[in-house]
Amino acid sequence: MYIQRLLPNLYRDSVSLMQLSAALGKLPGVEQASVVMATPSNLEFLRQAGLADGDIAPRPNDLLVAVRGKSSAQLEAALATALASLNKESIENIGAAAAEAPLRSLQMALAKSPAANLALISVPGDYAAAEAMKALALGLNVMLFSDNVALADEVALKRYAGERSLLVMGPDCGTAIIDGVPLGFANAVRRGAVGVVGASGTGTQQVTSLVHRRGAGISHAIGTGGHDLHKEVGGITMLHGLKLLARDADTKVIVLISKPPSPAIAREVIAAARKAGKPVVINFIGSTLERSGGNLHVSRTLDEAASAAVALAKGRKPARAAGSAIKLPKLRFGKRQRYIRGLFSGGTFCYEASALLGGAWSNAPVDPKWTSEDPWKSREHTLIDLGDDVFTRGRPHPMIDLRLRNERLLEEAADPQVAVILLDVVLGYGSHPDPAAEMVPVLKKIRKKRGSPVIVASVCGTDEDPQGLERQEAALREAGVLLAESNARAARLAGAIAAKLA
């Protein structure tokens, strides 16, 4: 059974709602919980997840709480907890605003902070383009966290911004670091000479965190949104970000990150990169782009891109990527164990692993012929992006709520043919406050079983992240996880283990 409650005129941003959904999901008797703005697209997702019916008639800014379980008393208690949390926020907001009028528009906010030059917009997709256009008209650069924005609206926003020398990061831009300030899902990194323009949130997180861990720092990390390098959009933000970083005196090296762009856009970006006047590292994940020479340094993986950027920032020539042998620990497997199962919270990590391993079924494959027929069911070698829409309908993102992956972990570990389970753990602002604590009980349960698969993982984060990189890695190692420094190294380690069993 499920119960739901529509709360009129109560807006909250998507990240805080995902965090509340995750908290409700841990309450006794709650099988699934979702707290969302009651937009048509969100309601459709909830209907598909069995958490909403067709009788809801929301207005703009209405919020919906839905919980599912077997006990009506426990569900009512969960609903009361949600309402209390939301009401507490409202009371705190009222208290904070008692001495001054609340800011109800971009114009009011800009009048209060006239030096501001960027607006971060996180509203339902149905209204996001309009709010972004208002911000641009006020002379503000925009980080558009919202997704589900029409491609035509994205093009219109970016062209309008370009005519006014303004920047639009997004739509669906989840990660940026501007002047040392992390925005969205980003890691805590030191300031430095490496600038990034990324069409991938977790790809940007991997490179920026590895740059920090290897002794350098980040000047800016500009997000583009996932559609920017499509032919229809034309790479507007990547080209603009490249130009901005080329002019920035604090940026000595530029890194460009994306899945393979359309060929025409790739040629345009590469041509612009050649004219940047400083070293440019290019990582078009899964592409066959050859090393170009001159000021361009092409990297196959996010790890190689970070290493190249650090070397260049320190005035050194990047080391040539070597296919050195991987030293394998002593491991025992059953006669039937041979397959890898990858469970990723970062879509780019899943895509990169697909590019490195090849021959694995996936909902994020490099080669479309390896597309999974059913991402809920694995077969042979399988790599799954658990952040895909099919898994997040009515659920928080797996970087915030680890329950779905924990359930899938147990399922994959029970398959007698599975030899390796490959994972990513993403730290930083916005992510789960202690992912290792959520994972360790499940990992220990798997480890107790005779013939259990080996768990291989990487942790994307830094020593300055609120979760604490060292603490997270120590807890995972104690639970028997084989850790690699990066996603690419973890994927190669998993591949080497599987190759021994083939």
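## Worked exercises on a predicted model

Strand 2 and strand 3 (residues 63–69) are joined by seven bridges and run antiparallel. This is a predicted model, where local features need pLDDT of at least 70, side-chain atom pairs count only at pLDDT 80 or more, and totals for chains, interfaces and linings use all residues. Residues are numbered from 1 along each chain as its sequence is written, and side-chain values use heavy atoms, with hydrogens and water left out.

### Exercise 1: the sheet with strand 2

**Task.** Work out the strand order of the open sheet of three strands, then find what packs on the sheet.

**Solution.**

Step 1. Get the terms straight. Helices (H or I, at least four residues) and strands (E, at least two) are DSSP runs, numbered from the N terminus. Two strands pair if DSSP finds at least two bridges between them.

Step 2. Look at the other pairing of strand 3: six bridges join strand 3 to strand 1, and these two run antiparallel. L7 has L63 in strand 3 as its bridge partner, and for Q32 the partner in strand 3 is R68.

Step 3. Put the order together: 1-3-2, an open sheet with antiparallel pairing. Strand 1 (2–7) and strand 2 are the edge strands, each pairing on one side only. From one strand to the next, the twist averages 10°.

Step 4. Add the helices. Axes are lines fitted to C-alpha atoms, for helices over the stretch in contact, and angles run from 0 to 180 degrees between N-to-C directions. Helix 1 lies across strand 2 and strand 3, at about 160° to strand 2. Helix 2 (residues 40–48) packs on the sheet too, touching strand 2 and strand 3, and its direction makes about 165° with that of strand 2. Contact here means heavy atoms within 4.5 Å.

Step 5. Check burial. Buried means under 20% relative accessible area, exposed over 50%, and partly exposed in between (1.4 Å probe, protein chains only). Seven of the eight residues of strand 2 are buried, so strand 2 is largely enclosed by the rest of the structure.

### Exercise 2: strand 12

**Task.** Which residues of strand 12 point one way, and which the other way?

**Solution.**

Step 1. Recall the pattern: in a regular strand the side chains alternate between the two faces of the sheet.

Step 2. Sort the residues. V280, I282 and F284 point one way from strand 12, V281 and N283 the other, and all are buried.

Step 3. Draw the conclusion: with five of the five residues of strand 12 (residues 280–284) buried, the strand is largely enclosed by the rest of the structure.

Step 4. Find the neighbour. Strand 11 (residues 253–258) runs parallel to strand 12, joined by five bridges, and V255 stands opposite V281.

### Exercise 3: helix 7 and its end

**Task.** Describe how helix 7 meets helix 11, then place R213.

**Solution.**

Step 1. Take the geometry. The axes of helix 7 (residues 201–213) and helix 11 (residues 347–357) come within 6 Å and cross at roughly 80°. That makes helix 7 roughly perpendicular to helix 11 (angles of 65 to 115 degrees count as roughly perpendicular, under 35 as roughly parallel, over 145 as roughly antiparallel and the rest as oblique).

Step 2. List the residues: T202, G203 and Q206 in helix 7 meet G347, T348 and F349 in helix 11.

Step 3. Turn to R213, which also sits in helix 7. R213 is partly exposed, at 24% relative accessibility. Beyond its neighbours within four places in sequence, R213 is in contact with V459, G461, L469, E473 and E485. The C-alpha atoms of R213 and A306 are 9.8 Å apart, with the two positions 93 residues apart along the chain.

### Exercise 4: salt bridges

**Task.** R408 and E412: buried or exposed? Then set their salt bridge beside that of E438 and K26.

**Solution.**

Step 1. Start with the total: the structure holds 21 salt bridges, each a side-chain nitrogen of Lys or Arg within 4 Å of a carboxyl oxygen of Asp or Glu.

Step 2. Take R408 and E412, whose closest N and O atoms are 2.9 Å apart. Both lie in helix 13 (residues 403–413), four residues apart, about one turn of the helix. R408 is buried at 4% relative accessible area, and E412 is buried at 2%.

Step 3. Now E438 and K26, at 3.3 Å, N to O. E438 lies in helix 14 (residues 435–448) and K26 in the loop between helix 1 (14–25) and strand 2 (30–37), so the pair ties together parts that are 412 residues apart in sequence. E438 is partly exposed at 24%, and K26 is partly exposed at 46%.
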